[in-house]
Amino acid sequence: PLTEISGNMDLQELADKYNMLIVTPYLYNWFYIDKPGREVSRFLCEELRDELDGLFDMKDFDYFLAGISMGGYGSLLVGLNHPECFKGIGSISGAFISSDIEIANPEVVGNTDEKERRQYYIDTFGPLDDYETSKERNPEAVIKELNSESTLPPIILTTGTYDFMHARNIRVKELLEKQGVELVFKAYQDMGHEYSCFSRGLNDILENWFN
């Protein structure tokens with residue numbers, strides 16, 4: 001919820017510091033994945049921009065995309081699939097759970113019932129038989145088709161060394177580097193999947209983009 005995020009991350013202070021508008025659309029626990037009747041990428045790339053321009057006359061503004069946890073997964077997914085839409089892509093403690101989905105890993109969902117866990121993954125990510133190679137649903141599938149010649153905006157990933165998603169972020173970082181993609185990666189010592197880590201990540205992402 002916006003009140004929780006703004007109360008823990010000083011969004012207004014950051015907006016004032018960098019002379020920017022920070023928009024926090026509520027996209028539920030969807031990992032920013034498109035489904036029939038729920039075209040998240042079109043909303044982020046087109047509809048939201050049009051609405052902001054109508055409200056604030058921002059036709060020529062630069063547009064950046066960043067997200068926390070599930071939103072970090074989604075930001076990389078949407079940003080890599082539509083790099084022409086954004087001036088920068090940021091992931092804060094991204095929940096890059098691609099390798100957890102097919103095995104219905106309880107560490108991510110926390111449900112002891114395997115059938116219910118598996119159904120959650122199917123409901124969220126769609127059919128599992130082709131998930132590994134689906135560029136529409138799996139950011140790692142998109143990364144595997146990139147190369148050093150790909151035209152991409154600046155990418156920055158942040159995570160905490162105590163974050164249970166830390167190893168997953170390392171995997172995505174190394175996969176990007178293997179494909180020749182330049183990025184900035186920051187790991188915060190002794191920080192976990194918590195707002196202090198998220199706030200530090202957002203600060204570093206904005207500093208990277210605007211300084």
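How many residues in the lining of the largest pocket are nonpolar, how many polar and how many charged? The legends below work through this predicted model, starting with that pocket.

**View 1. What the largest pocket is lined with.** The lining splits into 40 nonpolar residues, seven polar ones and just two that are charged. The pocket holds about 1,300 Å³ of space. Look for Thr24, Tyr32, Ala66, Gly67 and Ile68, which, of the 49 lining residues, sit nearest the pocket's centre.

**View 2. Which elements build the pocket wall.** Two or more lining residues come from each of α1 (2-9), α2 (11-18), α3, β1 (64-68), α4, α6 (106-109) and α10 (195-210). The largest share is α10's, with six residues.

**View 3. The largest nonpolar core.** This core has 41 residues, and the ones touching the most other members are Phe31, Leu44, Tyr73, Leu76, Leu80, Ile97 and Phe125. Elements giving it two or more residues are α3 (40-56), α4 (70-81), α7 (114-125), α8 (139-143), β3 (155-160) and α9 (166-178). Of these, α4 puts in the largest share, six residues. Nonpolar side chains in soluble globular proteins do tend to be buried together.

**View 4. Close-up on Phe125.** Leaving aside residues up to four places away in sequence, Phe125 touches Phe31, Ile33, Tyr73, Ile97, Ile101, Tyr131 and Arg137. Phe31, Tyr73 and Ile97 should look familiar: like Phe125, they are among the core members with the most contacts to other members.

**View 5. A second core.** Apart from the largest core lies another one, made of eleven residues. Its members include Leu11, Tyr18, Ile156 and Trp209.

Conventions. Residues are numbered from 1 along each chain as its sequence is written. This is a predicted model: local features need pLDDT of at least 70, side-chain atom pairs count only at pLDDT 80 or more; totals for chains, interfaces and linings use all residues. Side-chain values use heavy atoms; hydrogens and water are left out. A nonpolar core is a set of buried Ala, Val, Leu, Ile, Met, Phe, Trp, Tyr and Cys residues joined through side-chain atoms within 4.5 Å. Buried means under 20% relative accessible area, exposed over 50%, partly exposed in between (1.4 Å probe, protein chains only). Helices (H or I, at least four residues) and strands (E, at least two) are DSSP runs, numbered from the N terminus. Contact means heavy atoms within 4.5 Å. On a 1 Å grid over the protein atoms alone, a cavity is a set of points where a 1.4 Å probe fits but cannot get out, and a pocket is an open set with protein on both sides within 12 Å along at least five of seven lines; lining residues have an atom within 4 Å of a point. Grid points are joined across faces, edges and corners, and a volume is the space filled by probe spheres set on the points. Ala, Val, Leu, Ile, Met, Phe, Trp, Tyr, Cys and Pro count as nonpolar, Asp, Glu, Lys and Arg as charged, and the others, Gly among them, as polar.
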